[in-house]
Amino acid sequence: MPANVDDITRDLAALTQRFVDLGAKLGEAARALEEAGAPPSDGLVESLAAARGQFVELRAQALTAAAAAGVPATAEPESLHDLEPLLVSIGEALRARARREALEALQADALAILDRALEIVHRDDPTFAALVGCHSKAHQAREAVLALTEPDSDAAARATAAVQPFTDLLAMVESRDAVDDERYAHLEESVSRGFGRSLAVAAARARLGFAGEIVAPPVPA
């Protein structure tokens, strides 16, 4: 798994400060070399090599994270300054992916509920007006859900709210005997408000079911 972008960013900031400190020491060593012919100390040479190794490792982590996020690296970064825009691009790509996945999950959940609601039929009246109106609203809600482009938008909030009555209707039809009285009263109120009192009554009286699950009574000989 690629390193977390926030971790890479923190390591980049720390390594940048280390490079600044080493730059100052290297400047002093360069003056000593020029003025007195004194070579850099072994400790400074080792510190420079270690810092170079840290940079190479950090660059590898950034390139791995870029590949995982689908961000093409046009050229291999050769400095800390080259890593900064790459990390920005990775962060933007990951945020865009998270929004896209959240939207897809929201749409999938909503469509599963709406499609299930569209399978509801009346046991006695195939043209039951309240159910026909419910199905019409379900189709409208599907169109609104499929048209969403952002999971945190006002449109997404409205679409989610519009799906709730269908969720409550399904609870009445599928789990009528499994909910307590208080919860059932809430469901009935929600369905009445969303689709009309007659549909709530039909659900309460077990007059609703699902296509393919209702067995027609045998025709008398």
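Helices and strands here are DSSP runs, with at least four residues for a helix and at least two for a strand, numbered from the N terminus. On that basis the protein chain has 7 helices and 2 strands. The model is a predicted one.

**Whole chain**

Start with everything selected. From the N terminus, the order of elements is α-α-α-β-α-α-α-α-β. Along the principal axes, the C-alpha atoms fill a box of roughly 115 × 35 × 30 Å. The radius of gyration of the protein chain is 32 Å, whereas a compact globule of 221 residues would have one near 17 Å. Colour by accessibility next: 30% of the 221 residues are buried. The exposed surface of the chain is about 13,400 Å², and carbon and sulfur atoms supply 55% of that area. Among contacts with a separation of 6 or more, 70% join residues 24 or more positions apart.

**Helix H1**

Select residues 5–36, which form helix H1. The end C-alpha atoms of H1 are 45 Å apart; this agrees with the expected span of 46 Å, because 32 residues are counted at 1.5 Å a residue. Now show the side chains of Val 5, Ile 8, Leu 12, Leu 15, Leu 22 and Ala 29, which are buried in H1. Add helix H2 (42–69) and helix H3 (80–117), which are included in what covers these buried residues. Just after H1, click on Gly 37, where phi is positive, near 70°.

**Gln 107 in H3**

Move along H3 to Gln 107, which is part of this helix. Its relative accessibility is 14%, so Gln 107 counts as buried. Beyond residues up to four places away in sequence, Gln 107 touches Val 145, Leu 146 and Leu 148.

**The largest nonpolar core**

Next select Ile 120, Phe 166, Leu 169, Leu 199 and Leu 208. Within the largest nonpolar core, which has 33 residues, these five touch the most other members. At least two residues of this core come from each of H3, helix H4 (129–146), helix H5 (154–174), H6, helix H7 (197–204) and strand E2 (208–210). H5 gives the largest share, 9 residues.

Centre the view on Leu 208. Not counting residues up to four places away in sequence, Leu 208 touches Ile 120, Val 121, His 122, Arg 123, Leu 131, Leu 169, Val 173, Leu 199, Ala 202 and Ala 203. Another core, of 16 residues, lies apart from the largest one; Leu 15, Val 71, Leu 80 and Leu 87 are among its members.

**Ser 190 in H6**

Go to helix H6 (residues 181–195) and pick Ser 190, which is placed there. Is Ser 190 buried or exposed? With a relative accessibility of 5%, Ser 190 counts as buried, since the cut-off for buried is under 20%. Leaving aside neighbours within four places in sequence, the contacts of Ser 190 are Pro 165 and Asp 168.

**Helix H7**

Finish with H7, where Leu 199, Ala 200, Ala 202 and Ala 203 are buried. Look down the axis of H7: the buried residues fall within an arc of 160°, so they line one face of the helix. Their cover includes strand E1 (120–122), H4, H5, H6 and E2. The last stop is Ala 206, which follows H7 and has a positive phi, near 60°.

Key: Residues numbered from 1 in each chain as written. Predicted model: local features only at pLDDT ≥ 70, side-chain atom pairs only at ≥ 80, totals over all residues. Heavy atoms only, no water. Buried < 20%, exposed > 50% of the residue type's maximum accessible area, 1.4 Å probe, protein only. Contact = heavy atoms within 4.5 Å. Expected span 1.5 Å × (residues − 1). Core = buried A, V, L, I, M, F, W, Y, C linked by side-chain atoms within 4.5 Å. Arc of directions from axis to C-beta. Rg over C-alpha atoms; globule rule 2.2 N^0.38 Å. Areas by Shrake-Rupley, 256 points an atom, 1.4 Å probe, with all protein chains shown as cover.
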